[in-house]
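Trainee: Please take one part of this model and go through it closely, from its packing to its side-chain pairs. I would like a connected account rather than a list.

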Amino acid sequence: MEDARNVQAGKKRVPPAGTGKDTGKGTELAESAWVITLFCVACGAGIGAVLPLLARLLLKLPWAPLEGPAELLTSIPEPALTLGTVAVGALGGLLLGLAAAHESLSVHVCDTHLSLTIRDSTREFTREEIAVLCRDGKDLVVLAPDGMELAREHCGLPWPRLAGTLAEHGYRWAEEDPYRAEFRRWVPGTPGLPEGADALLRARAQARKSDDDAEDARELRRELLRLGVVVRDEEKRQYWRIVGG
């Protein structure tokens with residue numbers, strides 16, 4: 001009701017930072033890149049500030065790992081040592097923050113369609129393509145009427161805000177994947193999979209061991225979807241279900 005009154009009065013609604021904004025053609029929700037970056041910089045600087053203290057405590061132990069690097073670090077006079085470690089930590093936090101902001105998900109919700117943007121890539125789904133959206137752990141999942149998974153992305157948006165926005169635009173929301181009970185844990189040689197799916201799951205399990213192969217893991221997920229196999233992850237484990245199975 002408040003949103004409707006604001007629109008009627010010609011007022012611009014300003015939401016809390018990092019939650020969402022009304023674009024006039026829908027509602028856009030996105031994490032604040034500044035908040036993400038500043039948080040990472042602060043954490044990096046904090047770690048850098050305590051690093052000299054940790055190095056000195058390490059050298060007081062009867063036996064200490066990394067004794068050589070600790071001695072080298074503490075040989076630098078103060079305040080240059082602390083200023084240097086804080087600067088290095090802040091720089092590392094900045095780089096991490098920029099990467100995290102680039103990987104963050106933004107959602108644009110309209111009455112007729114929904115768009116997901118991540119890593120400079122946008123995917124759009126029409127209202128008719130979407131049966132339900134749901135939360136699965138830290139992932140936002142978009143499901144089609146036949147149970148096919150249209151999208152699964154890590155989501156750092158406030159869940160109540162996202163659910164409320166989707167409801168405002170008439171989309172169905174579920175707090176849990178309605179097909180969760182159908183997932184089975186994958187082990188090599190699992191019976192019941194379509195031809196070729198086991199090999200793709202093996203390759204994906206290997207790709208998930210390294211952050212450098214994250215894009216390979218995403219591509220293999222897409223290949224499995226083409227075979228009608230939906231995959232979800234729990235830590236290092238993979239679970240699967242067959243669409244319509």
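Mentor: What follows is a close look at helix 6 and its surroundings.

The model is a predicted one, in which local features need pLDDT of at least 70 and side-chain atom pairs count only at pLDDT 80 or more, while totals for chains, interfaces and linings use all residues. Residues are numbered from 1 along each chain as its sequence is written, and side-chain values use heavy atoms, with hydrogens and water left out.

Helix 6 covers residues 197-207, and its buried residues are Ala 197, Asp 198, Leu 200, Leu 201, Arg 204 and Ala 207. Here, buried means under 20% relative accessible area, exposed means over 50%, and partly exposed lies in between, with a 1.4 Å probe and protein chains only. Helices (H or I, at least four residues) and strands (E, at least two) are DSSP runs, numbered from the N terminus. The cover over these buried residues includes helix 7 (214-226), strand 11 (229-234) and strand 12 (237-242).

To place this region beside the rest of the model, begin with the nonpolar cores, a core being a set of buried Ala, Val, Leu, Ile, Met, Phe, Trp, Tyr and Cys residues joined through side-chain atoms within 4.5 Å. The largest has 21 residues, with Val 107, Leu 114, Leu 116, Leu 133 and Leu 140 making the most contacts inside it. Helix 5 gives the largest share of that core, four residues. A second, separate core has 12 residues, among them Leu 201, Ala 207, Leu 220 and Val 229. Of these, Leu 201 and Ala 207 are also among the buried residues of helix 6.

The strands that help to cover helix 6 belong to an open sheet of three strands in the order 10-12-11, with antiparallel pairing; two strands pair if DSSP finds at least two bridges between them. Because strand 10 (184-185) and strand 11 stand at the edges with a single partner each, one side of each strand has no neighbour in the sheet. Helix 6 packs on this sheet by touching strand 11 and strand 12, and its direction makes about 30° with that of strand 11. Contact means heavy atoms within 4.5 Å, and the axes are lines fitted to C-alpha atoms, for helices over the stretch in contact, with angles from 0 to 180 degrees between N-to-C directions.

Six bridges join strand 11 to strand 12, and Arg 232 has Tyr 239 as its bridge partner in strand 12. In the loop between these two strands lies Glu 235, which has a positive phi of about 55° although it is not a glycine. Most residues other than glycine have a negative phi. Glu 235 counts as exposed, at 67% relative accessibility.

Side-chain pairs complete the picture, a salt bridge being a side-chain nitrogen of Lys or Arg within 4 Å of a carboxyl oxygen of Asp or Glu. Asp 233 forms one with Arg 221, where the closest N and O atoms are 3.4 Å apart. This pair links distant parts of the chain, Asp 233 in strand 11 and Arg 221 in helix 7, 12 residues apart. Arg 221 counts as buried at 13% relative accessibility, whereas Asp 233 is partly exposed at 26%. Arg 237 and Glu 234 also meet in a salt bridge, at 3.5 Å from N to O; Arg 237 is partly exposed at 25%, and Glu 234 is partly exposed at 23%.
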